[in-house]
Amino acid sequence: MSNLKPARVLAVETSCDETACAVIENGRALLASVVASQMEIHARYGGVFPEVASRQHVLSIIPVVEQALSQAHLTLKNIDAVAVTRGPGLAGSLVVGVNMAKGLALGAGLPLVGVNHLEGHIYSSWVYNADESIPSEPQFPLMALLVSGGHTELNLMTDHLTYKRLGSTLDDAAGEAFDKVARLLGLPYPGGPSIQKAAEEGDPTRFNFPRAWLDGTSNFSFSGLKTAVLYEVRELEKKGRSLFVPDLAASFQAAVVDVLFKKTMEAAREHDAKEILVAGGVSANRALRKAFQSQTEFKVHIPPLSLCTDNAAMIAAAGYHRYALGHISELDIDVLPTWPLS
Ligand code: KG4
Ligand code: ZN
């Protein structure tokens, strides 16, 4: 454990379509984590409907916070700071969590810490369940691959809260590519898990989809791959052939995993990283996890599935480090929907 001051942080996360609250001790030990998912509601629309998401957060936020405190057997009197995701995300969703957190901080006389959602994803690898044995802490310099619905980035982390962004996607994020390709293959929302499921029945070598290596950079590009899948689908339809969705899904997934894995390994070698960290919703992908877990060159930290997609435990972990270093926000903080990581 780092030698930062001990503290319990309660965090609120409402950046997209999950209403979440968690309590964490000393930035790592998870005492409670509650996530109310709106997935079923948005599935009807084939994607997140922002206005509906915002209204759902309003309905869920108080019960979710109450449930987290009761799960942790604590009251606000036992909490040292309140952390909240202030961006990036959907403005109408973020504003619900930020105002809840402001209310909690003001009412209980606690400091408020605004947290970047992407930094939160990175800190999910520090979290462990308080009743389990303590896993080893990620070691710096750390090569962090962040793969979510809105972002795909490689960051070199040289210390806590210290990042150098080496590259990012020039067009679609990896998760966004999964979601868009799922839609064009007629698979249900959310696309990532649907493609993964279909791919398990398919042949990843049937279609040789393009990989944008963008040599000499740590940038990514997935829009060409998405278009290649679209053209293949049109071609098959034109010829009156069966689409055989599992092969298309498996071949698409193989192309994404290939690029993410090889470019991260390359960057880790080039920057003398000690370890690798993979975070964000796409880190739940079984093929991606397998690629990283099958190599022995670097120790890799990938969070358990419950911490890959949006949750408040990761926000509490990042918030703890910001709090411990005195990065306190004023009560007039606002949401920053497009705030970059660095
Ligand atoms: O981190 P996250 O929950 O939300 C954002 O911050 O964006 O990531 C959501 C993204 C979605 O694009 C979703 O399709 C993708 O993560 N995802 C997956 C898997 N589970 C979620 N992508 C591939 N395979 C999965 N198993
Ligand atoms: Zn996220």
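The paragraphs below lead through a predicted model, beginning with the bound ligand and ending with some unusual points of the backbone.

A good place to start is the position of ligand 1, which sits in the largest pocket. Two parts of the chain meet around this molecule: domain 1, made of residues 8-127 together with 306-324, and domain 2, made of residues 142-302, both give residues to the shell around ligand 1, and therefore the ligand lies between them. Three helices can be picked out here, since α4 (117-123), α5 (174-184) and α6 (191-199) each supply at least two residues of that shell.

Looking at the shell residue by residue, one finds 18 residues around ligand 1, of which H121, G149, D179, Q196 and G281 come nearest. When the shell is sorted by class, 12 of its residues are polar, four are nonpolar and two are charged.

Some of the contacts with the ligand can be followed down to single atoms. Q196, already named among the nearest residues, places a polar side-chain atom 3.0 Å from a nitrogen atom of ligand 1. In G192 the backbone takes part, with an N or O atom that lies 3.0 Å from an oxygen atom of the ligand, whereas in D310 a polar side-chain atom lies 3.3 Å from an oxygen atom of the ligand. As for the surface of the ligand, ligand 1 on its own has 550 Å² of accessible area, and the protein covers 87% of it.

The backbone deserves a separate look. Most peptide bonds are trans, and most residues other than glycine have a negative phi. Against this background, which two bonds and which residue should the reader look up in the model?

One cis peptide bond joins G87 and P88, with omega at about -10°, and P88 has its place in the loop between β4 (81-87) and α3 (91-108). Another cis peptide bond runs from Y189 to P190, where omega is near -5°. P190 lies in the loop between α5 and α6, and these two helices have been met before, as each supplies at least two residues of the shell around ligand 1.

The residue to look up is F244, whose phi is near 40°, a positive value although the residue is not a glycine. F244 is found in the loop that lies between α7 (223-238) and α8 (245-270).

Technical notes: Residues are numbered from 1 along each chain as its sequence is written. Chains are lettered from A and ligands numbered from 1 in the order in which they are written. This is a predicted model: local features need pLDDT of at least 70, side-chain atom pairs count only at pLDDT 80 or more; totals for chains, interfaces and linings use all residues. Side-chain values use heavy atoms; hydrogens and water are left out. A residue is near a molecule or strand if one of its heavy atoms lies within 4 Å of it. A polar contact is a pair of N or O atoms within 3.5 Å; within protein, one must be able to donate a hydrogen and the other to accept it, and residues adjacent in sequence count only if both atoms are side-chain atoms. Accessible areas come from the Shrake-Rupley method with a 1.4 Å probe; for residues, only the protein chains shown count as cover. On a 1 Å grid over the protein atoms alone, a cavity is a set of points where a 1.4 Å probe fits but cannot get out, and a pocket is an open set with protein on both sides within 12 Å along at least five of seven lines; lining residues have an atom within 4 Å of a point. A molecule sits in a cavity or pocket if more than half of its atoms lie within 2 Å of its grid points. Helices (H or I, at least four residues) and strands (E, at least two) are DSSP runs, numbered from the N terminus. Ala, Val, Leu, Ile, Met, Phe, Trp, Tyr, Cys and Pro count as nonpolar, Asp, Glu, Lys and Arg as charged, and the others, Gly among them, as polar. Domain bounds come from an automatic or database domain assignment.
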